[in-house]
Amino acid sequence: MRNQVPLDISVIPLRPAPAPARRAVAPPAPAPVPAAPAPKEPLWRDLVGDVLRRERLAQERTLKDVADTARISMPYLSEVERGRKEASSEVLAAAAQALGLGLGDLLTRAQGELVRITSRRAPAGRSTPRASYDGLCLAA
């Protein structure tokens, strides 16, 4: 029995075929430059953690001291301060009380920080009506 070669074999050239002559074409328009992404809104847990850490350092207290007073584990308090954990209201109240603050004081300071950061990021030419708030509003 002989091996027969199929008749529909295609030949692959070693050199590509020369491209046909092209007509003069206008160069493509440059791609539009994407606008810079809008800055991300700060996370509440980052703001609260920053306030807790700043207050603790202002009082020259150690993480261990505050954690023991608040009856929170030191690693957990550290993660709350770094914004890695979303602490419950009970944990926030205990940490604030250990620092001599009320929960309202802690949240008011975090809200002030939020206002400071977001007002700094607002575009100069954009005028948005701002509501004035006398209290603190949290939504979950």
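**Close-up 1. L52 and the residues it touches.** Leaving aside residues up to four places away in sequence, L52 is in contact with V80, E81, L92, A95, A96, L99 and L106. This view, like those that follow, is taken from a predicted model. L52 is also among the residues with the most contacts inside the largest nonpolar core, a group that further includes V48, I72, L77, L92 and L106.

**Close-up 2. The largest nonpolar core.** This core holds 24 residues, and at least two of them come from each of α1 (44–58), α2 (63–70), α3 (74–81), α4 (89–98) and α5 (103–121). The greatest contribution is that of α4, which gives six residues to the core. Within α4, the residues V91, L92, A94, A95, A96 and A98 are buried. In soluble globular proteins, nonpolar side chains tend to be buried together.

**Close-up 3. The whole chain, for orientation.** The protein chain contains five helices and zero strands, so that, by the way helices and strands are assigned, its pattern along the sequence reads α-α-α-α-α. Of the 140 residues in the chain, 24% are buried. The accessible surface of the chain is about 11600 Å², and carbon and sulfur atoms account for 57% of that surface. When contacts between residues at least 6 apart in sequence are considered, 64% of them join residues that are at least 24 apart.

**Close-up 4. The crossing of α1 and α3.** The axes of these two helices, α1 and α3, come within 7 Å of each other and cross at roughly 115 degrees. On the α1 side the contact is made by R45, G49, D50, L52, R53 and R56, while α3 takes part through S78, V80 and E81. Sorted by class, the contact of α1 with α3 comprises two nonpolar, two polar and five charged residues.

**Close-up 5. R56 and D50, two residues of α1.** Is R56, a residue of helix α1, buried or exposed? R56 counts as buried because its relative accessible area is 8%, which is under the 20% limit for that class. Not counting residues up to four places away in sequence, R56 touches R61, T62, L63, V66, E81 and L99. D50 also belongs to helix α1, but this residue is partly exposed, with a relative accessible area of 36%. The C-alpha atom of D50 lies 8.1 Å from that of A110, although the two residues are 60 residues apart along the chain.

**Close-up 6. Residues with a positive phi.** In the loop between α1 and α2, E60 has a positive phi of about 55 degrees, even though E60 is not a glycine. E60 counts as exposed because its relative accessibility is 73%, a value over the 50% limit for that class. In the loop between α2 and α3, R71 is likewise a residue other than glycine with a positive phi, in this case near 60 degrees. With a relative accessible area of 79%, R71 is exposed. A glycine appears in this view as well, for G100, just after α4, takes a positive phi of about 80 degrees.

Notes. Residues numbered from 1 in each chain as written. Predicted model: local features only at pLDDT ≥ 70, side-chain atom pairs only at ≥ 80, totals over all residues. Heavy atoms only, no water. Core = buried A, V, L, I, M, F, W, Y, C linked by side-chain atoms within 4.5 Å. Buried < 20%, exposed > 50% of the residue type's maximum accessible area, 1.4 Å probe, protein only. Helix = DSSP H or I, 4+ residues; strand = E, 2+ residues; numbered from the N terminus. Contact = heavy atoms within 4.5 Å. Areas by Shrake-Rupley, 256 points an atom, 1.4 Å probe, with all protein chains shown as cover. Axes fitted to C-alpha atoms, helices over the stretch in contact; angles between N-to-C directions. Nonpolar A, V, L, I, M, F, W, Y, C, P; charged D, E, K, R; others polar.
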